[in-house]
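Let us work through this model in questions and answers. Keep the sequence and the structure in view as you read.

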There are 2 protein chains.
Amino acid sequence: MKLNTKSRYAVMALADMAVFSRNNAVSLRDISLRQGISLLYLEQIFLRLKKNNVVKSVRGINGGYILVKSPKDLKISDILLALDQKVKTVGCKKESKKSCNGKSTKCITHHFWDELDIYINSFFENKKLSDLLKIERQEYK
Amino acid sequence: MKLNTKSRYAVMALADMAVFSRNNAVSLRDISLRQGISLLYLEQIFLRLKKNNVVKSVRGINGGYILVKSPKDLKISDILLALDQKVKTVGCKKESKKSCNGKSTKCITHHFWDELDIYINSFFENKKLSDLLKIERQEYK
DNA sequence: CAAAAACTTGACTATTTTAGTCGGGTATAT
DNA sequence: ATATACCCGACTAAAATAGTCAAGTTTTTG
Ligand code: FES
Ligand code: FES
């Protein structure tokens with residue numbers, strides 16, 4: 001049960017922006033250098049963040065990205081959602097008639113995993129980007 | 001963020017045992033038929049459950065497996081642990097000096113993922129196998 | 001004893017997912 | 001003009017996953 005790097009880097013990059021932007025756009029190049037994330041990979045990630053309205057872009061020479069919401073209002077779940085990373089610990093969909101094992105009845109553990117999904121998602125729902133910064137600010141210059 | 005099938009099938013199979021054993025050993029063949037899980041795959045899973053003392057085996061003709069603890073006392077985390085599925089949402093190890101991005105300092109989001117891991121693990125720590133059955137019993141014959 | 005049921009074990013493999021890279025754009029400030 | 005930085009689809013190497021296979025051993029029962 002691992003988070004993929006895309007989600008992790010997204011959160012990392014947005015946290016970086018929250019720390020280093022002073023109301024101006026932050027370029028991916030800077031984020032890449034500070035956080036040690038491949039620039040090309042960041043581009044791919046920010047494409048989706050932009051499409052899902054988490055950031056907006058400024059093109060041209062002093063361009064970069066800007067957070068749409070303030071870190072206080074940006075839920076971590078918004079970030080994960082932008083990257084299709086809704087937590088779904090098992091493949092079995094709530095809606096579909098078919099259960100995970102192909103049978104028509106739900107498997108014996110179905111409800112349990114549902115409960116787990118809700119539990120984890122609520123963690124991400126209740127955390128804001130600003131919550132990360134509070135804790136890390138002392139350690140990180 | 002998905003659970004692998006090994007862990008899911010393990011929980012499923014043990015729940016099956018809890019329901020269908022009447023103090024006698026339950027054969028993998030029966031579990032396989034009831035739950036629709038490949039027998040060969042179950043063998044692989046139970047090997048580990050046995051090594052980690054979650055079940056014990058009875059060989060020979062009316063053999064099978066028996067839960068070591070009662071469902072009331074068997075934590076879901078014990079099951080996951082037996083399958084090396086400790087929840088570790090990011091690759092970065094607590095102990096190691098190296099952080100996830102290869103730098104010597106921990107990344108800006110490190111603490112957050114730590115918190116998440118603890119949160120999720122506590123879910124598994126606090127759930128017992130018997131908790132699954134309570135809920136499912138009505139739905140499942 | 002023989003045969004069948006059921007556990008034991010390591011190795012092997014196809015498929016899928018992940019974690020990126022690449023190439024060729026377009027917009028804009030100076 | 002030109003450098004900087006976003007834009008976007010397609011591609012790929014490597015790792016993880018989900019499972020199979022082969023070749024056993026042990027124990028019960030007829
Ligand atoms: S039927 Fe939903 S998890 Fe198995
Ligand atoms: S340094 Fe630990 S998660 Fe990045």
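Q: Which element supplies the largest share of the surface near DNA strand D?
A: This is a predicted model. In chain A, α2, α3, β1 and β2 each supply at least two residues of that surface, together with α1 and α3 of chain B. The largest share is four residues, and they come from α3(A).

Q: Of the residues around DNA strand D, which come nearest?
A: There are 27 residues around this strand. They divide into ten nonpolar, twelve polar and five charged. Those that come nearest are K50(A), S57(A), S38(B), Q44(B) and R59(B).

Q: What share of the atoms of DNA strand D within 4 Å of the protein is sugar and phosphate?
A: Look at single contacts before the total. The side chain of E43(A) has an N or O atom 3.4 Å from a base nitrogen of DNA strand D. For the atoms of the strand that come within 4 Å of the protein, sugar and phosphate account for 71%.

Q: How far is the side chain of K50(A) from a phosphate oxygen of DNA strand D?
A: K50(A) is among the residues that come nearest to this strand. Take an N or O atom in the side chain of K50(A) and a phosphate oxygen of DNA strand D: they are 2.4 Å apart.

Q: Which residue in the hairpin of β1(A) and β2(A) takes a positive phi?
A: The two strands run antiparallel and are joined by four bridges. S57(A) stands opposite Y65(A) in β2(A). Five residues lie between the strands, and the positive phi, near 85°, belongs to G60(A).

Q: What does a backbone N or O atom of G60(A) lie 3.4 Å from?
A: G60(A) is in the hairpin of β1(A) and β2(A). The partner is on DNA strand D: a sugar or linking oxygen.

Q: Which element gives the most to the surface near DNA strand C?
A: Chain A supplies at least two residues from each of α1 and α3. Chain B does so from each of α2, α3, β1 and β2. The most, four residues, comes from α3(B).

Q: Which side chain has an N or O atom 2.5 Å from a base oxygen of DNA strand C?
A: Sugar or phosphate holds 70% of the atoms of DNA strand C within 4 Å of the protein, and the rest belong to bases. One phosphate oxygen is 2.7 Å from an N or O atom in the side chain of Y65(B). Another contact, 3.0 Å to a phosphate oxygen, uses a backbone N or O atom of T5(A). The base oxygen, at 2.5 Å, is met by the side chain of R59(A).

Q: How much area do chain B and chain A bury between them?
A: The size of an interface is often given as the accessible area lost when the parts come together. Here 42 residues of chain B are in contact with 43 residues of chain A. Carbon and sulfur atoms carry 69% of the buried area, which is about 4,300 Å².

Q: Which residue of chain B forms a salt bridge with K127(A)?
A: Across the interface of chain B and chain A there are two salt bridges. In the one with K127(A), the closest N and O atoms are 2.7 Å apart, and the partner is E115(B).

Q: Which element gives the most to the side of chain B that touches chain A?
A: Four helices each supply at least two residues of this side: α1, α2, α5 and α6 of chain B. By class, the side has 23 nonpolar, ten polar and nine charged residues. With eleven residues, the most comes from α5(B).

Note on methods: Residues are numbered from 1 along each chain as its sequence is written. Chains are lettered from A and ligands numbered from 1 in the order in which they are written. This is a predicted model: local features need pLDDT of at least 70, side-chain atom pairs count only at pLDDT 80 or more; totals for chains, interfaces and linings use all residues. Side-chain values use heavy atoms; hydrogens and water are left out. Contact means heavy atoms within 4.5 Å. Buried area is the accessible area (1.4 Å probe) that two parts lose on being put together, summed over both. A salt bridge is a side-chain nitrogen of Lys or Arg within 4 Å of a carboxyl oxygen of Asp or Glu. Ala, Val, Leu, Ile, Met, Phe, Trp, Tyr, Cys and Pro count as nonpolar, Asp, Glu, Lys and Arg as charged, and the others, Gly among them, as polar. A residue is near a molecule or strand if one of its heavy atoms lies within 4 Å of it. A polar contact is a pair of N or O atoms within 3.5 Å; within protein, one must be able to donate a hydrogen and the other to accept it, and residues adjacent in sequence count only if both atoms are side-chain atoms. Two strands pair if DSSP finds at least two bridges between them.
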